[in-house]
Structure formats: C-alpha cells, structure tokens
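Dear colleague,

I am handing over the structure below for you to look at. Please open it alongside this message, since the notes refer to it throughout.

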Amino acid sequence: MTASQSSGAREPLRAWRQFHSRDIDEVRALVAQKFCDHRLQPAGPSRRTGTRYNHVNGQALSLNYLSYGSAVHIDPGELQDFYLVQVPLNGRALVANGATPVASDRSIATVLNPTRDTRMTWHADCRMLLLQIRRSALHALAEQAAGLSLSEAVVFDTALPVSGGALHGWARQFAACVSATENRTGFGCWSALQQQVIEEQLILGLLTHQQSNIRHLLTTRSSGSSSQVRRAQDFIHANVGESLSVSAIAAAADCSIRSLQAGFRKHFGLTPMEYLRDLRLDLARYLMLSRNAETPVSSIAYDCGFSHLAGFPSSTAPVSESCPEPRRAFYAIPCDPHLRGNCAMFKRASPARLERRPVPL
C-alpha cells in the first residue's frame with residue numbers, strides 16, 4: 001500500500017483527533033507534548049508530512065493512532081516514564097530499542113522500554129496503533145504479580161510477534177479496546193473500576209506473554225491450601241534477600257518446623273529451604289538480566305540472600321558468544337541479543353519445581 005492509498009484507509013480513534021499537520025517542526029512539538037522530547041527528521045528530501053495523531057486517555061494507559069504520511073527518522077533517546085507498544089496497521093518500520101534493530105510490520109509489533117535508547121525509521125506507508133503504559137503502574141503490577149520487590153526496571157524484548165499464539169490474543173484484546181472506545185463503550189465511558197480492571201488485564205497480559213527479564217518469575221503456579229504454608233510463603237517472599245532459617249520461617253508461619261516441612265513437601269515437593277533457594281535463583285536471574293554486565297556475580301548473589309557463593313550455581317558452559325564469560329550458564333531463554341549480553345541462566349535440579357511455586361497476589 002502506498003502512502004496515498006493508506007491516507008484513504010480507515011483512521012482509528014478519528015473522533016479524538018489531536019492534530020493534522022504538514023509541518024514537520026510543528027509535528028515534532030505536538031507529538032512531544034503527549035510522549036517525550038525527540039528528534040524528528042524526514043527520511044527523504046521533503047520536509048512536508050501529512051501527520052495525523054489521535055489520542056484517548058485512560059488511567060495508566062492511553063490509546064493512540066499515529067501516521068506521519070512520509071518517511072521519517074525518530075530519535076527519542078530513553079523514554080524514561082513510559083513503555084510504548086507499537087502495533088502496525090500497515091506499512092513498515094525499523095525500530096531499535098537498545099542495540100538491535102527490529103523490522104516491524106503487521107506480524108511483528110514492538111515494545112519500547114523506557115530505560116533503553118530508542119531510534120526508529122517509519123516508512124511513508126506506516127500507520128500505527130500505540131499503547132502508552134505508565135512505567136510506575138507497570139512496575140507496581142509486576143511486583144504484585146511476582147510477589148517480590150523488583151529493584152530494576154522491567155525490560156521486554158523489543159520484537160512482539162502478534163501473528164499467532166498468546167500474543168495474538170493479547171493484540172486482539174488491545175484492538176477490542178480501541179473498537180469499544182470508538183463505539184463509545186470503552187475508554188472514557190467505563191466506570192473507574194472497569195477502566196482499572198481492563199488496564200490491569202492489558203498490562204498483565206503483556207507481562208505474562210511477552211519475553212522479558214521477569215517473565216520467569218510469573219510462571220503460573222498452584223497455591224498452597226494451608227494457611228500455615230501461605231503465611232510461610234508470604235514471609236519468604238518479603239524477606240528473600242535476608243538471612244533466613246527454617247526456624248524463623250516456622251515462627252512466622254506460627255507452626256512447628258515439622259509441620260512446616262510436611263506442608264511444603266505436600267504442596268510443592270520441596271523443603272522450605274529448597275523453596276527459598278529456587279526463589280533466590282529466580283531473583284538472581286532477574287538481576288543478571290537487568291544489571292550492567294560488569295556487575296560482579298558475587299554482588300548479585302549477596303543481594304539475593306546467598307551468604308556465600310558455595311550455594312550459588314556456577315557456570316561451566318556458554319549459551320551465547322555475546323554473554324560475558326563469567327555469566328555464561330546452562331538454563332537459556334530466548335531474548336534480545338542485547339539482553340543476552342547481560343544474562344546468566346541457572347541450572348536447576350528440577351525445572352518443574354518452578355511450576356509448583358505460587359505467586360501471592
């Protein structure tokens with residue numbers, strides 16, 4: 001589809017038009033008001049565009065439609081305060097959020113992380129639906145879902161495949177929100193509680209299905225039915241980085257050590273200390289995916305509650321040539337190459353254990 005053809009296509013959220021401008025300097029200033037300051041340059045000889053921008057506010061999210069009408073280079077740097085999911089309706093874009101560019105089209109959407117430098121080129125025929133997510137809201141929900149305090153920002157893979165699988169369902173849910181809003185039964189019409197529920201569903205869907213530095217913390221897990229076990233879980237999650245003993249956990253759960261051991265073996269197939277160890281390994285994996293590659297492994301181990309490195313898995317085999325030598329290990333997940341450069345994956349005695357550890361919400 002050419003730029004002239006795309007201009008005649010249906011325009012989502014048309015009733016919430018913010019502006020239509022052919023002046024690139026005006027466009028840059030107006031878009032910056034809704035997102036952030038950025039550099040905007042034509043990718044061709046002409047400085048004229050046919051930009052259309054529509055915007056609907058929610059609570060922690062906003063729905064947006066943007067089309068520049070001509071090829072442009074966009075350089076916002078780090079977004080700082082928000083995540084941005086970009087779903088092409090047609091056309092193409094080259095999107096780099098971090099080191100590796102992603103070719104985006106109708107089958108591959110993109111996620112822009114606020115802590116990664118962003119550079120993009122939108123082709124003339126590119127039309128996008130954009131979901132802006134407040135960083136603080138996503139982080140708070142991620143902590144609630146993980147049952148852990150997260151000291152580093154959530155970082156998603158840039159490429160978001162929406163042509164199939166669970167992310168296709170998530171993209172359909174996003175599109176349904178846009179459609180409901182256009183029919184005056186969505187954003188701006190829901191009650192505050194309805195709006196909150198829908199926004200949380202969209203954020204949790206992204207956290208659950210899109211690869212990130214915390215996705216391994218959000219694996220669906222069964223819940224312990226015993227109140228003593230639940231109290232012990234809450235205590236372990238709240239104090240995962242502290243020096244804990246089985247007697248301290250039992251005291252927090254208001255039960256005997258014997259009852260505590262029996263309860264954990266019944267519900268999880270683990271002792272309380274094995275459960276704590278696996279949780280610490282998950283936390284360490286998250287920190288290694290998040291922190292600078294030069295951060296000492298020993299520092300991360302101590303932050304996760306390992307009082308000495310003997311209890312911390314060592315790495316003996318590489319999973320990627322881009323991984324720093326001290327960080328190479330066994331337990332690999334797919335992720336952006338620039339994330340793999342900061343990753344360490346840990347060999348567990350039984351990966352199935354992760355499926356049995358509940359996440360308190």
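What follows describes the sheet, the helices that pack on it, one further helix and two cysteines.

This is a predicted model, in which local features need pLDDT of at least 70 and side-chain atom pairs count only at pLDDT 80 or more, while totals for chains, interfaces and linings use all residues. Residues are numbered from 1 along each chain as its sequence is written, and side-chain values use heavy atoms, with hydrogens and water left out.

Seven strands (DSSP runs of E, at least two residues, numbered from the N terminus) form an open sheet in the order β1-β3-β4-β11-β6-β9-β12, with antiparallel pairing; two strands are taken to pair if DSSP finds at least two bridges between them. Because β1 (17-23) and β12 (159-161) each have a single partner strand, they stand at the edges, and one side of each is left without a neighbour in the sheet. From one strand to the next the twist averages 20 degrees, where axes are lines fitted to C-alpha atoms (for helices over the stretch in contact) and angles run from 0 to 180 degrees between N-to-C directions.

Within this sheet, β3 (residues 48-57) and β4 (residues 61-67) are joined in the antiparallel sense by six bridges, and N57 stands opposite S62 in β4. Helix α3 (residues 135-146; helices are DSSP runs of H or I, at least four residues) packs on the sheet by touching β6 (82-90) and β11 (127-134), and its direction makes about 65 degrees with that of β11; contact here means heavy atoms within 4.5 Å. Helix α5 (residues 192-209) also packs on the sheet, touching β4, β6, β9 (108-112), β11 and β12, at about 70 degrees to the direction of β4.

Strand β9 is largely enclosed by the rest of the structure, because four of its five residues are buried, that is, under 20% relative accessible area with a 1.4 Å probe and protein chains only. Three antiparallel bridges join β9 to β6, with L84 opposite L112, and three more antiparallel bridges pair β9 with β12, where P161 is the bridge partner of I108.

In helix α2 (residues 24-34), the buried residues are I24, V27, V31 and A32, and their cover includes β1, β2 (39-42), β3 and β5 (72-77).

Finally, the structure holds zero disulfides (pairs of cysteine sulfur atoms within 2.5 Å); C126 counts as buried at 2% relative accessibility, and C304 is buried at 0%.

Best regards

Conventions: Buried < 20%, exposed > 50% of the residue type's maximum accessible area, 1.4 Å probe, protein only.
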